[in-house]
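Please look over the sequence and the structure shown below before reading on. The report that follows goes through the fold part by part.

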Amino acid sequence: MDFSELIRSRYSVRAYKQDPVEDDKLNRVLEAARLAPTAANRQPFKIIVINTRGREKELNRVYSGEWFAQAPIVICVCVIPQIGWTRSFDAKNHCDVDAAIVMDHLILAAANEGLGTCWIGAFDPAAAREVLHLPDELEPVVFTPLGYSADQPRVKKRKELAELVQYQ
Ligand SMILES: Cc1cc2nc3c(=O)[nH]c(=O)nc-3n(C[C@H](O)[C@H](O)[C@H](O)COP(=O)(O)O)c2cc1C
């Protein structure tokens, strides 16, 4: 898909079909995430791919939206803060920035494959740790379902550029 068209057409999908995601599509989506830039190229992340069938109940402990585990796949991007790049001036760890770029590559690649996603930040981190059996060094940052949309795109509501951009 043309890049501008891809950016315009992607939307948060909050209803999914149960149709499986083809392995080749999943692999291209994961490959796009792998190629995401990270601070100092530290690549301090892990991508957890969860097959939802039979795990719907426990996944809904992580995020209660009934559509969350409707898709055949749920993906979690986790970071390993100990290996993330830290800015020397103020010690700001850039792991979360890295995770956001990884997930953005992933969701745009998914849209390019005709697959739906939805950023999920409002999950319960303690439940995520339990359900995904995460070791202490891994921190879950963002989830998304991955599957075919049973939803409709909405009109994008965005602030005007003049409100968002300041030229100096
Ligand atoms: C960091 C982040 C966290 C988000 N968390 C949630 C969430 O927990 N639940 C949800 O339904 N949508 C969530 N969203 C989706 C936003 O609500 C959505 O992207 C925004 O309203 C714009 O709509 P669009 O994605 O359809 O263009 C999140 C988006 C971002 C970027």
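## A residue in a loop

Why does Asn93 count as partly exposed? The structure is a predicted model, and in it Asn93 has 16 C-beta neighbours inside 10 Å, so Asn93 counts as partly exposed, given that a residue is buried from 20 such neighbours upward and exposed with 12 or fewer. Asn93 belongs to the loop between strand 2 and helix 4, where, once neighbours within four places in sequence are left aside, its contacts are Pro81, Gly84 and Thr86. Gln152 lies 59 residues from Asn93 along the chain, and the C-alpha atoms of these two residues are 37 Å apart.

The loop between strand 2 and helix 4 also holds Ala91, whose phi is positive, at about 60°, although Ala91 is not a glycine. Most residues other than glycine have a negative phi. Ala91 is exposed because 7 other C-beta atoms lie within 10 Å.

## The loop between helix 2 and strand 1

Thr38 is placed in the loop between helix 2 and strand 1, and it counts as partly exposed because it has 19 other C-beta atoms within 10 Å. Apart from residues up to four places away in sequence, Thr38 touches Gln43, Pro44 and Asp98. Thr38 and Val97 are 59 residues apart along the chain, and their C-alpha atoms are separated by 8.0 Å.

Ala40 is found in the loop between helix 2 and strand 1 as well. Although Ala40 is not a glycine, its phi is positive, at about 55°, and with 12 other C-beta atoms within 10 Å this residue is exposed.

## The sheet

Four strands make up an open sheet in which the order is 1-2-4-3 and the pairing is antiparallel. At its edges are strand 1, residues 45–51, and strand 3, residues 116–117, each of which pairs on one side only. Strands of a sheet pair through backbone hydrogen bonds, either parallel or antiparallel.

Between strand 1 and strand 2, the latter covering residues 73–79, there are seven bridges, and the two strands run antiparallel; here Val49 has Ile75 as its bridge partner in strand 2, while Lys46 stands opposite Cys78. Strand 2 is also joined to strand 4 by seven bridges, again in the antiparallel sense, with Val77 bridged to Val142 and Ile73 standing opposite Leu146. Strand 3 and strand 4 pair over two bridges, and Gly116 has Gly147 as its partner in strand 4.

## Buried strands

What does a count of buried residues say about strand 2? Seven of its seven residues are buried, so strand 2 is largely enclosed by the rest of the structure. From this strand, Ile73, Ile75, Val77 and Val79 point one way, whereas Val74, Cys76 and Cys78 point the other way, and all of them are buried. Strand 4 is likewise largely enclosed by the rest of the structure, because nine of its nine residues are buried.

## Helix 4 and the nonpolar core

Helix 4, residues 95–112, packs on the sheet and touches strand 1, strand 2, strand 3 and strand 4 (139–147), while its direction makes about 155° with that of strand 2. The largest nonpolar core has 38 residues, of which Val74, Val77, Ala99, Leu106, Ala110 and Phe143 touch the most other members. Two or more residues of this core come from each of helix 2 (23–34), strand 1, helix 3 (56–62), strand 2, helix 4, helix 5 (125–131) and strand 4, and helix 4 gives the most, with nine residues.

Leu106, one of the core residues just named, touches Val29, Ala32, Ala33 and Ile75 when residues up to four places away in sequence are not counted. In soluble globular proteins, nonpolar side chains tend to be buried together.

## Around the ligand

Which residues surround the ligand? They are Tyr11, Ser12, Cys118, Trp119, Ile120, Gly121, Ala122 and Lys156. Divided by character, the residues of this shell are five nonpolar, two polar and one charged.

Notes
Residues are numbered from 1 along each chain as its sequence is written. This is a predicted model: local features need pLDDT of at least 70, side-chain atom pairs count only at pLDDT 80 or more; totals for chains, interfaces and linings use all residues. A residue is near a molecule or strand if its C-beta atom, placed from the backbone, lies within 6 Å of it. Ala, Val, Leu, Ile, Met, Phe, Trp, Tyr, Cys and Pro count as nonpolar, Asp, Glu, Lys and Arg as charged, and the others, Gly among them, as polar. Two strands pair if DSSP finds at least two bridges between them. Two residues are in contact if their C-beta atoms, placed from the backbone, lie within 7 Å. Axes are lines fitted to C-alpha atoms, for helices over the stretch in contact, and angles run from 0 to 180 degrees between N-to-C directions. A nonpolar core is a set of buried Ala, Val, Leu, Ile, Met, Phe, Trp, Tyr and Cys residues joined through C-beta atoms within 7 Å.
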